[in-house]
Amino acid sequence: MASLTVTLSGFGKSPADQGVAAASIKDVVKSIRTMLNAASSGQYTGTPYLSVVYSASDAVLASGTLTMASSSGSVGGTIAGTAKTVTWATSDAASSTALAAAINADATLSKIVMASASGAVTTVRALVPGTAGNKILLVASGTNVTASGAALTGGAGADMCAPACQAGLTLL
């Protein structure tokens, strides 16, 4: 069972009195923002403590791969409509590592996926656990670069909201 637990203390009132017992994650985030703004203005005294625990034990991240095999030139892919390429380096493995770093550094992509490299394979994983990640499109680009499929796959279980969608951003 997936769950999100938010604990706030040290604001002079109980979390329930602060509106933290809200019905939706978006409401909880708004309440936290309101409390932190009040704390920064001196309205609340004491030492504030915020703990957010996210558990998605039944949710699985969707993933896909971009594989290089004797590639050259500009290599990479388009993920969820955002193109990300790097110039082929000294080897497919080095290029895969550079591509993973470029994906993780991208302001748009880093809100919806994370990437890692192993040898010539760049693995792209959704940040949203559950089936929502299966909607993230994946297209290879460059000489001898292949994608594992047209979209990330394997996402299963209850869909949970990543930090970006908690802040009201649309991911897919």
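In the hairpin of strand 3 and strand 4, which residue takes a positive phi near 50°? Ala 80 does, and the hairpin has two residues between the strands. The legends below describe a predicted model, in which local features need pLDDT of at least 70, side-chain atom pairs count only at pLDDT 80 or more, and totals for chains, interfaces and linings use all residues. Residues are numbered from 1 along each chain as its sequence is written, and side-chain values use heavy atoms, with hydrogens and water left out.

**Figure 1. The whole chain has three helices and seven strands.** Helices (H or I, at least four residues) and strands (E, at least two) are DSSP runs, numbered from the N terminus. Starting at that end, the order of elements is β-α-β-β-β-α-β-β-β-α. The chain has 172 residues, of which 34% are buried; buried means under 20% relative accessible area, exposed over 50%, and partly exposed in between (1.4 Å probe, protein chains only). About 8600 Å² of the chain is exposed, and carbon and sulfur atoms supply 57% of that area. Accessible areas come from the Shrake-Rupley method with a 1.4 Å probe, and for residues only the protein chains shown count as cover. Contact means heavy atoms within 4.5 Å. Of the contacts between residues at least 6 apart in sequence, 64% join residues at least 24 apart.

**Figure 2. Strand 3 pairs with strand 4 and with strand 6.** Two strands pair if DSSP finds at least two bridges between them. Strand 3 and strand 4 run antiparallel and are joined by six bridges. Val 75 has Val 86 in strand 4 as its bridge partner. The pairing of strand 3 with strand 6 is also antiparallel, with five bridges. Here Thr 65 is opposite Thr 123 of strand 6. In a regular strand the side chains alternate between the two faces of the sheet.

**Figure 3. Strand 5 and strand 6 form a hairpin.** Six bridges hold this antiparallel pair. Ser 118 stands opposite Val 121, a residue of strand 6. Two residues lie between the strands, and Gly 119 takes a positive phi near 60°.

**Figure 4. Asp 106 and Lys 84 form a salt bridge.** A salt bridge is a side-chain nitrogen of Lys or Arg within 4 Å of a carboxyl oxygen of Asp or Glu. One salt bridge is found in the whole structure. It joins the side chains of Asp 106 and Lys 84, with 3.1 Å from N to O. The pair links distant parts of the chain, 22 residues apart: Lys 84 is in strand 4 (residues 82–87), and Asp 106 is in the loop between helix 2 (92–105) and strand 5 (113–118). Both residues, Asp 106 and Lys 84, are buried.

**Figure 5. The largest nonpolar core has 20 residues.** A nonpolar core is a set of buried Ala, Val, Leu, Ile, Met, Phe, Trp, Tyr and Cys residues joined through side-chain atoms within 4.5 Å. Ile 79, Ile 103, Val 113 and Leu 152 touch the most other members. At least two residues of this core come from each of strand 3 (63–79), helix 2, strand 5, strand 6 (121–126) and strand 7 (138–147). Leaving aside neighbours within four places in sequence, the contacts of Val 113 include Ile 79, Ile 103, Val 124, Ile 136 and Leu 152. In soluble globular proteins, nonpolar side chains tend to be buried together.

**Figure 6. The side chains of Ser 96 and Thr 122 make a polar contact of 2.7 Å.** A polar contact is a pair of N or O atoms within 3.5 Å; within protein, one must be able to donate a hydrogen and the other to accept it, and residues adjacent in sequence count only if both atoms are side-chain atoms. Ser 96 lies in helix 2, while Thr 122 belongs to strand 6. Ser 96 is buried because its relative accessible area is 0%. Thr 122 is buried too, with a relative accessible area of 0%. Not counting residues up to four places away in sequence, Thr 122 touches ten residues, among them Gly 64, Leu 99, Ile 103 and Ala 115.

**Figure 7. Ala 100 in helix 2 touches Thr 122.** With a relative accessible area of 5%, Ala 100 is buried. Beyond four places in sequence, Ala 100 also touches Ala 115, Ser 116 and Ala 117. The C-alpha atoms of Ala 100 and Val 124 are separated by 8.1 Å, and these residues are 24 apart along the chain.
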